[in-house]
Amino acid sequence: MAYENILFEVKDGVGVLTFNRPKALNALNPATIEEISDVIDRVRKDDSVRVLVLTGAGEKAFVAGADITQFPKMNPLEARAFAERGQDVFARLEQLPKPVIACCNGFTLGGGCELAMSCDFIYASDKARFGQPEINLGIIPGFGGTQRLSRLVGRARAKELCMTGEMIDAQRAREIGLVAKVFPADQLLDETLKVASQLAAKSLVALRTIKLVVDRGADVDLKSGCAIEAEAFGASFASQDAREGVAAFLEKRKPEFKGSLTS
Ligand code: CO8
């Protein structure tokens, strides 16, 4: 698939997807959603991509939401279909068996915030702004925002953000648990890529298992979650990477993790 709205490149095991409609603050039109979907399929199949980073082109925005210019053309059924398609693609991003980092370099609003929350964690520039401003358009979040935001920051804070449409800065987003780390704007991408490279050198099998266990555990009670963990912990001992990691420690050398998800 040829991309018109995004850029995608892979270097040293790290895939970088850059939203590239800076004149529209990287707003998500239907074509962009399909391009994200295509990248997800590629990354899922290709073990040479071990980590995925999402970021925005230009100085101002990660993604400033769904493309509002499309809304007047949509009837309620089409709006629901667009919301469902976005939700489906974001769910597949969330379930990608590899680490996905949102590198939020500016406005991260509406569908952009929903997209960032579908990643494993969010790094933000000190200039980034977060929010669910749909209320100001007389509508509500539609790409999973009401659900993921309340799970991340609690129901009351989620309702406050969705009801007021308030934009918060990166520091506040970190305080409430939406953002993992904040970096000066000119260092954000380098710092994110540094962490992505560190993850790319780790066991892909173990990373996949951590993601699966944390996400599955979030929907069940503690006892059931710990049972899922114990099963997965046992299974993790069977991997080639586990043998290599333990042997490397005992032999006082750096491990070389070669485990694959596809073979
Ligand atoms: N869609 C389309 N164009 C946009 C968007 C957007 N979401 N955001 C900004 N743009 C465009 C502007 O229209 C402007 O275009 P132009 O230069 O042609 O006039 C250009 O980007 C630059 O923007 P501004 O001049 O407005 O820049 P400012 O620095 O003054 O303001 C803001 C930046 C505060 C980010 C402002 O642009 C803004 O409020 N944008 C809209 C943010 C928003 O409301 N986002 C939520 C959209 S709704 C949504 O995401 C729902 C998701 C679920 C959808 C479900 C399916 C229906």
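**Close-up views of a predicted model**

**View 1. Helix H4, its buried residues and its end in the predicted model.** Helix H4 gives way to Gly 154, a residue with a positive phi near 95 degrees. Within H4, which spans residues 145-153, the buried residues are Gly 145, Arg 148, Leu 149, Ser 150 and Val 153. The cover over these buried residues of H4 includes three other helices, namely H2 (76-94), H3 (111-117) and H5 (155-164).

**View 2. Met 117 in helix H3 and its contacts.** Met 117 belongs to helix H3, and because its relative accessible area is 5%, Met 117 is classed as buried. When neighbours within four places in sequence are left aside, Met 117 is in contact with Glu 94, Ile 122, Gln 132, Gly 145, Arg 148, Leu 149, Leu 152 and Leu 178. Gly 145, Arg 148 and Leu 149 in that list are also among the buried residues of H4. For the pair Met 117 and Arg 148, the C-alpha atoms are separated by 6.6 Å, although the two residues are 31 residues apart along the chain.

**View 3. Polar contacts between the ligand and the protein.** Among the 25 residues around the ligand, those that come nearest are Lys 60, Ala 64, Ala 66, Ile 68 and Gly 111. The side chain of Lys 60 places an N or O atom 2.7 Å from an oxygen atom of the ligand, while a polar backbone atom of Ala 66 is 2.8 Å from an oxygen atom of the ligand. At Ile 68 the partner on the ligand is a nitrogen atom, which lies 2.9 Å from a backbone N or O atom of that residue. Taken alone, the ligand exposes 1100 Å², and the protein buries 64% of that area.

**View 4. Composition of the shell around the ligand.** Helix H2, strand S6 (107-109) and helix H3 are the elements that give two or more residues to the shell around the ligand. Of these, H2 supplies the largest share, with three residues. Sorted by class, the shell around the ligand holds 16 nonpolar, four polar and five charged residues.

**View 5. Thr 192 in helix H7.** Thr 192 is part of helix H7, which covers residues 188-200, and it counts as buried because its relative accessibility is 0%. Not counting residues up to four places away in sequence, Thr 192 touches Val 53, Ile 101, Cys 103 and Tyr 123.

**View 6. Two loop residues with positive phi, Asp 12 and Asn 26.** Asp 12, found in the loop between strand S1 (6-11) and strand S2 (14-19), has a positive phi of about 50 degrees although it is not a glycine. Asn 26 lies in the loop between S2 and helix H1 (30-45), and this residue, which is not a glycine either, has a positive phi of about 60 degrees. Because its relative accessibility is 69%, Asp 12 counts as exposed, whereas Asn 26, at 2% relative accessibility, counts as buried.

**View 7. The two domains and the contact between them.** The protein is divided into domain 1, residues 6-200, and domain 2, residues 204-250. Taken over C-alpha atoms, the centres of domain 1 and domain 2 are separated by 27 Å. The contact takes twelve residues from domain 1 and six residues from domain 2.

Conventions
Residues numbered from 1 in each chain as written. Predicted model: local features only at pLDDT ≥ 70, side-chain atom pairs only at ≥ 80, totals over all residues. Heavy atoms only, no water. Buried < 20%, exposed > 50% of the residue type's maximum accessible area, 1.4 Å probe, protein only. Helix = DSSP H or I, 4+ residues; strand = E, 2+ residues; numbered from the N terminus. Contact = heavy atoms within 4.5 Å. Near = heavy atom within 4 Å. Polar contact = N/O pair within 3.5 Å; in protein donor to acceptor, adjacent residues only side chain to side chain. Areas by Shrake-Rupley, 256 points an atom, 1.4 Å probe, with all protein chains shown as cover. Nonpolar A, V, L, I, M, F, W, Y, C, P; charged D, E, K, R; others polar. Domains from an automatic or database assignment.
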